[in-house]
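Q: I am new to reading protein models and would like a close look at one part of this one: the charged side chains that pair up. Please start there, then walk me through the surroundings step by step.

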Amino acid sequence: MDGGAAFVDAFFKPALIARYAPEIVSGVGQTILIASTIVLTGLVLGVTLALIRSLRLPIATVMIVIFADVLRAVPPLVFVLLVYFGLPNVGVTLSAFAVLWLVLSLVLAAFVEEIVWAGITSVAKGQWDAARSTGLNFATTLRDVILPQALRLSIPPLTSRTIAITKNTALGSVIGVPEILNQATSAVSFSGNATPLMMGAIAYVVLFLPVVIFGRWVETRFAWRRA
Amino acid sequence: MTTDQPILEVRGLQKQYGRHVALAGIDLKIAAGELVFVIGPSGSGKSTLLRCLNRLEEPDHGQILFEGQDMSGKKNDLNLLRQRVGMVFQAFNLYPHLTALGNVTLAVRKVLRKSREAADAIGLAALRQVGLVEKAGSYPNELSGGQQQRVGIARALALEPKVVLFDEPTSALDPELVRSVLEVMRDLKRAGMTMVVVSHEMKFAREAADRVIFMAEGAIVEQGPPEEIFSHAREPRTRAFLSQVGA
Ligand SMILES: Nc1ncnc2c1ncn2[C@@H]1O[C@H](COP(=O)(O)OP(=O)(O)OP(=O)(O)O)[C@@H](O)[C@H]1O
Ligand SMILES: [Mg+2]
């Protein structure tokens, strides 16, 4: 067997591709489902926290800062394991899917809060002056004047952070969420061949490459607005 | 008619930043239709006074009366005062994400609660007043400084304020753009608008102001008609300031 054939046999074995395609496809479905629920929850929660922080209530601010710093400091895998194996001991049992969703949503929310808050504080003070001087109240000023500018500033970091966190859905394989990596690794252990993992890698490329390209487009599209 | 009642009055206005006294007890009455011109060295409290007049800054002591009504209490409707007393800023402070018309109509829709159509009609009228109706769809970064400041004025006018405060409206402008803004202010004066103007445009003060106030160290040092202040100032500090700025 020459090198090329051995390579194909190790990574692209046709019989295994056919055998495990359905598993990988169902993994892709799981990954899409969990990633999109994480993105939705994380963005909504993170923006909400940034808005609450803008009220500058001391206690709320301290709690938000602690939340954001802790979740950003610890590797997400640690939280995934902690929640999955720890919560049952206090009588709370969550499915693996729910644990992954909860942890990654909170981690994403922590980053989103910091990014959006940085955006809010970087909007010029004169914008508040102008809005308040025309009689707009705090909430309307925030919603119609400050937030649109803050979000525009935040879009590039939000995009890259969102992509980074959603790739962490692969951590689901550790606790048995049947997402792409989990499907691929269990197929590898059954077949003793790396082909299913290669299929998983390709599935990630197919899934995330468009998102990465979209992210780059967004970054160039909004970057000039910083001026 | 309540012709003797000032449209805007402050009594004993004081403001401190830490230990620094920005306003050391200001008493001022502004008559309807009057153009009051405020001059003074940097740091004398001119901006602070203006910002207190529509309570962008909260004074420590003193009263603000609008048409005789005390507006200084905590429970007073701040946004009502601000709607009556408009403000124009040195740095324009236009909303960069909105068109000229969007800038002008935002408060009309959200504060006066007009429909979009009604607000657009009001906004276009305000832009016409400052000669920029054809720029309604332009974003601030597509406008010259003078045009941006006129949009800023239109934004204040769209709420039909009784008083407009101008804080160095032309200081950020190239000399050739100053004229268009002063022209708009002159028109406003002619139309009977009450205005309080902080500015270094002494020539404009001479021809348009009813009264010139000289401030120093948070207090009103001297005030009077422009020709009196500019040609026969009594206070040495006023004279020193005027010769320094070459007026
Ligand atoms: N937000 C603030 N915090 C601390 N000090 C302030 C603040 N705003 C103003 N001051 C101080 O109050 C004083 C009066 O400031 P103000 O801006 O009213 O002066 P001004 O007459 O408008 O000066 P300029 O001609 O430079 O605009 C200054 O000494 C200034 O440093
Ligand atoms: Mg000033």
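**Salt bridges and their surroundings**

A: Over all chains, the rule used here counts 19 salt bridges. Keep in mind as we go that this is a predicted model.

Let's begin inside chain A. R53(A) and E114(A) form a salt bridge, with 3.0 Å between their closest N and O atoms. R53(A) belongs to helix α2 (residues 14-54) of chain A and E114(A) to helix α5 (residues 96-122) of chain A, so this pair ties together parts that lie 61 residues apart in sequence. Where do R53(A) and E114(A) sit, buried or exposed? Both of them are buried. The pair also has company: R53(A), D69(A), R72(A), E113(A) and E114(A) are linked in a network of salt bridges.

Another example in chain A joins R143(A) to D144(A), whose closest N and O atoms are 3.1 Å apart. D144(A) has a relative accessibility of 17%, and therefore counts as buried, since the cut-off for that word is under 20%.

Now move to chain B, where R51(B) is a good residue to follow. R51(B) forms a salt bridge with E57(B), and the closest N and O atoms are 2.9 Å apart. E57(B) has a relative accessible area of 16%, so it is buried. R51(B) is buried too, because its relative accessible area is 13%. R51(B) also reaches across to chain A: its side chain meets that of D129(A) in a salt bridge, at 2.9 Å from N to O.

That last pair brings us to the interface. How many salt bridges does the rule find across the interface of chain B and chain A? It finds two. Across this interface there are also five residue pairs in polar contact, with both residues at pLDDT 80 or more. On the side of chain B that touches chain A, the elements giving two or more residues are α2 (78-84), β6 and α3 (100-110) of chain B. The largest share of that side comes from α3(B), with three residues.

To get a feeling for the whole interface, start with the contacts: 20 residues of chain B are in contact with 21 residues of chain A. The size of an interface is often given as the accessible area that is lost when the parts come together. Here, chain B and chain A bury about 1,700 Å² between them, and 56% of this is on carbon and sulfur atoms.

Two of the elements just named, β6 and α3 of chain B, have a loop between them, and F92(B) is found in that loop. N93(B) is found in this loop as well. Most residues other than glycine have a negative phi. F92(B), although not a glycine, has a positive phi of about 65 degrees. N93(B) is not a glycine either, and its phi is positive at about 55 degrees. With 10% relative accessibility, F92(B) counts as buried, and N93(B) is buried with a relative accessible area of 12%.

Next, follow β6 into its sheet. Strands of a sheet pair through backbone hydrogen bonds, either parallel or antiparallel. Strand β6 (residues 85-88) of chain B pairs with β7(B) in the parallel sense, over four bridges. Within that pairing, V85(B) has V163(B) of β7(B) as its bridge partner. β7(B) also pairs in the parallel sense with strand β8 (residues 194-198) of chain B, over five bridges. There, V164(B) stands opposite M195(B) in β8(B). Together with helix α6 (residues 175-190) of chain B, strands β7(B) and β8(B) make a right-handed β-α-β unit.

How many of the five residues of strand β7 (residues 163-167) of chain B are buried? Five of the five are, so the strand is mostly covered. V163(B), L165(B) and D167(B) point one way from β7(B), while V164(B) and F166(B) point the other way.

For a contrast in pairing sense, look at the open sheet of four strands in chain B, which has the order β2-β1-β4-β5 and antiparallel pairing. Its edges are β2 (20-30) and β5 (69-70) of chain B, each with a single partner strand, so one side of each has no neighbour in the sheet. Strand β1 (residues 8-17) of chain B pairs with β2(B) over eight bridges in the antiparallel sense. One of the places to look is L13(B), whose bridge partner in β2(B) is I26(B).

Definitions and conventions. Residues numbered from 1 in each chain as written. Chains lettered and ligands numbered in written order. Predicted model: local features only at pLDDT ≥ 70, side-chain atom pairs only at ≥ 80, totals over all residues. Heavy atoms only, no water. Buried < 20%, exposed > 50% of the residue type's maximum accessible area, 1.4 Å probe, protein only. Pairing = 2+ DSSP bridges. Right-handed = clockwise from strand over helix to strand, strands pointing away. Contact = heavy atoms within 4.5 Å. Buried area = accessible area lost by both parts, 1.4 Å probe. Salt bridge = Lys/Arg side-chain N within 4 Å of Asp/Glu carboxyl O. Polar contact = N/O pair within 3.5 Å; in protein donor to acceptor, adjacent residues only side chain to side chain.
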